[in-house]
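Welcome, and thanks for taking a look at this model with us. Please have the sequence and the 3D view open as you read.

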Amino acid sequence: MYPTQPDRGRSAPHPVRWAVGLLGVTALLLLAACGGSSSSASESPTPTTVPTATAMATATPAVSAAATITMDEFNFTGNAQVTIKAGQAVSFDDTHGSIHILVIGTNGQFQAQKGAPPELNSANGAHVDGDAVTITFPTAGTYPITCTLHPHMQASVTVK
Ligand SMILES: [Cu+2]
């Protein structure tokens, strides 16, 4: 019957509202799906890297160095004159596996200096034995550093 025609005309906006409603629901479902998939992904056990002996040996030290002074068997190599800020640390790094005994001073002779790090401000010195020793410099100053085993080795750390 034709009398229903006007009714359909008036109800014309409804399909539009339905479409909008469906879009909204679809968007919500997509959001829910995304949230669900991401949360399940994070819950799924992901294989973590098993720490190897090498990784543990090279683990980051508690104090990270602001500068690195490298050494070989008998010498400082590269830049042995570094400048850091008070409270920062220097890594004394021997990649060749040699032994050095680092002290404040020159020509292999320890000479105490006020404000120097205690590790270096002692005749016993800081022992580098095929590794890297990180030393914090708390006080501003210029600190000459020598090696008692190799008296010609001379480095300098300036702390601003
Ligand atoms: Cu040395």
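The report below goes from the overall fold to the strand pairing, the core and two individual residues.

## Overall picture

Please keep in mind that this is a predicted model. The protein has 3 helices and 10 strands, and along the sequence these elements follow the pattern α-α-α-β-β-β-β-β-β-β-β-β-β. In other words, the helices come before the strands as you read the chain.

Of the 160 residues in the protein, 18% are buried. Contacts between residues at least 6 apart in sequence give another view of the fold: 59% of them join residues at least 24 apart.

## The four-stranded sheet

Let us start with an open sheet of 4 strands, which has the order 2-1-4-8 and mixed pairing. Which strands stand at its edges? They are strand 2 (76-77) and strand 8; each has a single partner strand, so one side of each is left without a neighbour in the sheet.

Going across the sheet, strand 1 and strand 2 pair in the antiparallel sense over 2 bridges, with T70 opposite T77 in strand 2. A hairpin of 4 residues joins these two strands. Strand 1 also pairs with strand 4, this time in the parallel sense and over 5 bridges; here T68 has S91 in strand 4 as its bridge partner. On to the other edge, strand 4 and strand 8 are antiparallel and share 5 bridges, and A89 stands opposite T136 in strand 8.

## Pairing around strand 10

Strand 10 has pairings of its own to explore. Strand 9 and strand 10 run antiparallel and are joined by 6 bridges, one bridge pair being I145 and A155 in strand 10. The two strands are linked by a hairpin through 6 residues.

Strand 3 (residues 81-84) is joined to strand 10 as well, by 4 bridges and in a parallel arrangement. If you would like a landmark for this pairing, find V82, which stands opposite V157 in strand 10.

## The nonpolar core

In soluble globular proteins, nonpolar side chains tend to be buried together. The largest nonpolar core in this model holds 22 residues, and the members that touch the most others are V90, F92, L102, L120, A126 and I135. Two or more residues of this core come from each of strand 1 (67-71), strand 4 (89-94), strand 5 (99-106), strand 7 (126-129), strand 8 (132-136), strand 9 (141-147) and strand 10 (154-159).

I135 makes a good place to zoom in. Which residues does I135 contact, leaving aside its neighbours within four places in sequence? They are A89, V90, F92, P117, E119, L120 and A126. Of these, V90, F92, L120 and A126 are also named, like I135, among the core members that touch the most others.

## Two residues to visit

The first stop is T158, which lies in strand 10. Is T158 buried or partly exposed? T158 is partly exposed, because 13 other C-beta atoms lie within 10 Å. Leaving aside its neighbours within four places in sequence, T158 is in contact with T83 and T142. T158 and K85 are 73 residues apart in sequence, while their C-alpha atoms are 8.2 Å apart in space.

The second stop is N107, in the loop between strand 5 and strand 6 (109-110). N107 has a phi near 55°, a positive value in a residue other than glycine. N107 counts as exposed because it has 12 C-beta neighbours inside 10 Å, and a residue with 12 or fewer is classed that way.

Key:
Residues are numbered from 1 along each chain as its sequence is written. This is a predicted model: local features need pLDDT of at least 70, side-chain atom pairs count only at pLDDT 80 or more; totals for chains, interfaces and linings use all residues. A nonpolar core is a set of buried Ala, Val, Leu, Ile, Met, Phe, Trp, Tyr and Cys residues joined through C-beta atoms within 7 Å. A residue is buried if 20 or more other C-beta atoms lie within 10 Å of its own, exposed if 12 or fewer, and partly exposed in between; C-beta atoms are placed from the backbone. Two residues are in contact if their C-beta atoms, placed from the backbone, lie within 7 Å. Two strands pair if DSSP finds at least two bridges between them.
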